[in-house]
Amino acid sequence: MREVTLIKGDGIGSEISDSVVKIIKAAGADITWDIQTAGADVVEAEGTPLPQRVIDSIKKNKVALKAPITTPIGKGFRSVNVQLRKELDLYANLRPCKNIPTVKTKFDNVDIVVVRENTEDLYAGIEEKPDNDTAKSIKIITRKASERIAEFAFDYALKNNRKEVCVVTKANICKLSDGLFLECARNIAEKYPQIKFREILVDNCCMQLVQKPEQFDVLLLPNLYGDIVSDLTAGLIGGLGVAQSANIGVQASVFEAVHGSAPDIKGQDKANPMALLLSACEMLNFIDEKTAAEKIKKALYKTLESGVKTADLGGSAKCSEFTQAIINNLGE
Ligand code: NAI
């Protein structure tokens, strides 16, 4: 039996992780959960939002499913998500965005994979306030991390039968930092003549994405643009409630929904567990529980087709009702 670390998160985290755990159990996947707590709830008792036991558990199990964790804005502790990515060197953030059956959006031809560099850029957390009226953030881009993520994107494209990798930067303005990211992408592109290579500036990319998303295949971005653009692509397929993601490293991988802890709907049984469920399906594929993953996706689509949806998708089902409907559809 395979052990997987489960971080239940806060806000809507515990509601959606309970839902996903129930569905995975009902689908018969051969896994046990090593449940770990992190975030604001553990700061007082343990002095840190990300205790070493959480890191140790993920290192031991090599795979984790993580529900969202709240980060205080403008003050307080550093994002647990950012710390986890740094500590475990989860260098590649992978966000596939493909239309989901029955989830109606403005477009029905979206099939984009966002590959986001996950360890540096403005997320390096190097900030200072030389005086009360000035603040500085340092953007770090290295050749090592840029080449590694470009290699990941091209390798992913090759293994998953994708046609093109498009690198997204603002190299006309950030000439040195984004310029280096672009240079690395160009160098790696030469090793993959089978995959088309394209370059675009991030502002134009956003405009094109909301007009003609079908033109894009794999997008390769530095950390900050990747964060923003992947929320945009999530919007193209139905919003944050359906967008999945994986943080991949050499030693460990952490699967999570794109969305945050949604404090506005916390504890109301309204949250859509689908994004975490789809991320969990990717995790099941990753650990070779492919049959369970397939079964869950089928049951999920059947549930949506029957009209059972949560409020964010225009339905009236509660999180618990949606969960039960998926479980009921597993056997069919
Ligand atoms: P959010 O993603 O939590 O919420 C944005 C909007 O989408 C809200 O109206 C919310 O109700 C809705 N929403 C999100 N997930 C939903 C779901 N599963 N079902 C239905 N509706 C959903 O973003 P926000 O409000 O900017 O962030 C809240 C907190 O989450 C912040 O502390 C932020 O730092 C944290 N966060 C954590 C992430 C993580 O743990 N990976 C990722 C993004 C944000």
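Which side chain meets that of D89 in a salt bridge? The partner is R148, with 2.9 Å from N to O. The structure is a predicted model. The protein is divided into domain 1, made of residues 1-91 and 239-332, and domain 2, made of residues 106-236. A ligand is also present, and 20 residues surround it.

**How the two domains are placed**

- Taken over C-alpha atoms, the centres of domain 1 and domain 2 are 25 Å apart.
- On the side of domain 1, 13 residues are in contact with domain 2, and 13 residues of domain 2 are in contact with domain 1.
- About 1,100 Å² is buried between domain 1 and domain 2, and carbon and sulfur atoms give 52% of this area.
- Within domain 1, the residues that lose the most area to domain 2 are R85, K86 and Y91, which together make up 47% of what that side buries.

**Polar and charged pairs between the domains**

- The interface of domain 1 and domain 2 is crossed by one salt bridge under the rule used.
- Between domain 1 and domain 2, five residue pairs are in polar contact, counting pairs with both residues at pLDDT 80 or more.
- Two elements, α4 (80-87) and β11 (244-248), give two or more residues to the side of domain 1 that touches domain 2.
- Of the elements on that side of domain 1, α4 gives the most, with three residues.
- Sorted by class, the side of domain 1 that touches domain 2 has seven nonpolar, two polar and four charged residues.

**Around the ligand**

- Among the 20 residues that surround the ligand, the closest are T71, G260, A262, D264 and N272.
- T71 has a polar backbone atom 2.8 Å from an oxygen atom of the ligand.
- For I69, a backbone N or O atom lies 2.9 Å from an oxygen atom of the ligand.
- For S261, the distance from a backbone N or O atom to an oxygen atom of the ligand is 3.0 Å.

**Salt bridges in the whole structure**

- Side chains of opposite charge can pair when their charged atoms come close.
- The structure holds 22 salt bridges.
- One of the salt bridges joins E3 and K60, whose closest N and O atoms are 2.7 Å apart.
- This pair links distant parts of the chain, since E3 is in strand β1 (residues 2-7) and K60 is in helix α3 (residues 52-61), 57 residues apart.
- The salt bridge of D89 and R148, named at the start, is formed by their side chains.

Methods: Residues numbered from 1 in each chain as written. Predicted model: local features only at pLDDT ≥ 70, side-chain atom pairs only at ≥ 80, totals over all residues. Heavy atoms only, no water. Domains from an automatic or database assignment. Contact = heavy atoms within 4.5 Å. Buried area = accessible area lost by both parts, 1.4 Å probe. Salt bridge = Lys/Arg side-chain N within 4 Å of Asp/Glu carboxyl O. Polar contact = N/O pair within 3.5 Å; in protein donor to acceptor, adjacent residues only side chain to side chain. Helix = DSSP H or I, 4+ residues; strand = E, 2+ residues; numbered from the N terminus. Nonpolar A, V, L, I, M, F, W, Y, C, P; charged D, E, K, R; others polar. Near = heavy atom within 4 Å.
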